[in-house]
Amino acid sequence: MMKPPRLLLVLAATAALTAQARDDHHGHDHGHTGAAHAHEAKAVHGGVVAVVKDMNYELVARPDGIALYVSDHGKPVDLKGASARLTLLSAQAKAEVPLAPAGDRLQGAGQPGVGAGTKAVALVTLAGQAPVTVKFSLK
């Protein structure tokens, strides 16, 4: 059995590490507006959200096409010069859809084989940046 002073030391260290992990704000400022962390990202356009390198990617699949919205801490990213290639994987098929800038999103035509359980992998290239791989699982 642990001696009481050692137990208190272990409990104090655990509490300190938990508090530090909960308050990890290094490298970004939320101000006092209550902005959400990336891991708390929510779908704004009714799609599925993935977060990569503090950027939010929301994939929206509709009968008229597929859209990918990109935002940085809730603010839309300039998509001029951006491109993406979306690979859709389902039990029945694999399809690739090129996405191009269309206003506030990257847009692709059609919706080949998109349904619940479909996995999607987007290779997104923003102007002047290295390509980023973003993975989605459609519900």
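# Briefing: strands, core and salt bridges

Strand E2 is largely enclosed by the rest of the structure, because 6 of its 8 residues are buried. The model described here is predicted. The protein chain contains 1 helix and 9 strands, and read along the sequence these follow the pattern α-β-β-β-β-β-β-β-β-β. The points below begin with the chain as a whole and then turn to E2 and its partners, the nonpolar core, a buried serine and the salt bridges.

**The chain as a whole**

- The protein chain has 139 residues, of which 27% count as buried.
- The area exposed by the protein chain is about 9,300 Å². Carbon and sulfur atoms supply 58% of that area.
- Take the contacts in the protein chain between residues at least 6 apart in sequence: 42% of these join residues at least 24 apart.

**Strand E2 and its partners**

- Strand E2 covers residues 55-62, while strand E1 covers 48-52 and strand E3 covers 65-72.
- E1 and E2 run antiparallel and pair over 5 bridges. In this pairing, Ala-50 stands opposite Tyr-57 in E2.
- E2 and E3 also run antiparallel, and 8 bridges join them. Here Arg-62 stands opposite Gly-65 in E3.
- E1 and E2 form a hairpin with 2 residues between the strands. The hairpin of E2 and E3 has 2 residues between its strands.
- In a regular strand, side chains alternate between the two faces of the sheet.

**The loop between E1 and E2**

- Lys-53 is found in the loop between E1 and E2. Its phi is positive, at about 50 degrees, although Lys-53 is not a glycine.
- Asp-54 lies in the loop between E1 and E2. Asp-54 has a positive phi of about 65 degrees, and it is not a glycine either.
- Which of the categories buried, partly exposed and exposed applies to Lys-53? Lys-53 is exposed, because its relative accessible area is 72% and the exposed category begins over 50%.
- Asp-54 counts as partly exposed, because its relative accessibility is 45%.

**The largest nonpolar core**

- The largest nonpolar core has 26 residues. The members that touch the most other members are Tyr-57, Leu-68, Leu-86, Val-124 and Phe-136.
- Which elements give two or more residues to this core? They are strands E1, E2, E3, E5, E6, E8 and E9.
- Phe-136 touches several residues beyond four places away in sequence, among them Val-48, Val-49 and Ala-50. Tyr-57, Leu-59 and Leu-68 are also touched by Phe-136, as are Thr-118, Lys-119, Ala-120 and Ala-122.
- Tyr-57 therefore appears in two places: Tyr-57 is among the core members with the most contacts to other members, and Tyr-57 is the residue in E2 that Ala-50 stands opposite.

**A buried serine in strand E3**

- Ser-71 lies in strand E3.
- Is Ser-71 buried or exposed? Ser-71 is buried, because its relative accessible area is 17% and buried means under 20%.
- Leaving aside neighbours within four places in sequence, Ser-71 is in contact with Met-55, Asn-56, Pro-76 and Val-77.

**Salt bridges**

- Side chains of opposite charge can pair when their charged atoms come close.
- How many salt bridges does a search of the whole structure find? The search finds 2.
- One of them joins Arg-85 and Glu-96, with the closest N and O atoms 3.2 Å apart. Arg-85 lies in strand E5 and Glu-96 in strand E6, so this pair ties together parts that are 11 residues apart in sequence.
- Arg-85 counts as partly exposed at 42% relative accessibility, and Glu-96 is partly exposed with a relative accessible area of 48%.
- Asp-104 forms a salt bridge with Arg-105, and the closest N and O atoms in that pair are 3.1 Å apart.
- Asp-104 counts as partly exposed at 40% relative accessibility, and Arg-105 counts as partly exposed at 25%.

Conventions. Residues numbered from 1 in each chain as written. Predicted model: local features only at pLDDT ≥ 70, side-chain atom pairs only at ≥ 80, totals over all residues. Heavy atoms only, no water. Core = buried A, V, L, I, M, F, W, Y, C linked by side-chain atoms within 4.5 Å. Buried < 20%, exposed > 50% of the residue type's maximum accessible area, 1.4 Å probe, protein only. Helix = DSSP H or I, 4+ residues; strand = E, 2+ residues; numbered from the N terminus. Contact = heavy atoms within 4.5 Å. Areas by Shrake-Rupley, 256 points an atom, 1.4 Å probe, with all protein chains shown as cover. Salt bridge = Lys/Arg side-chain N within 4 Å of Asp/Glu carboxyl O. Pairing = 2+ DSSP bridges.
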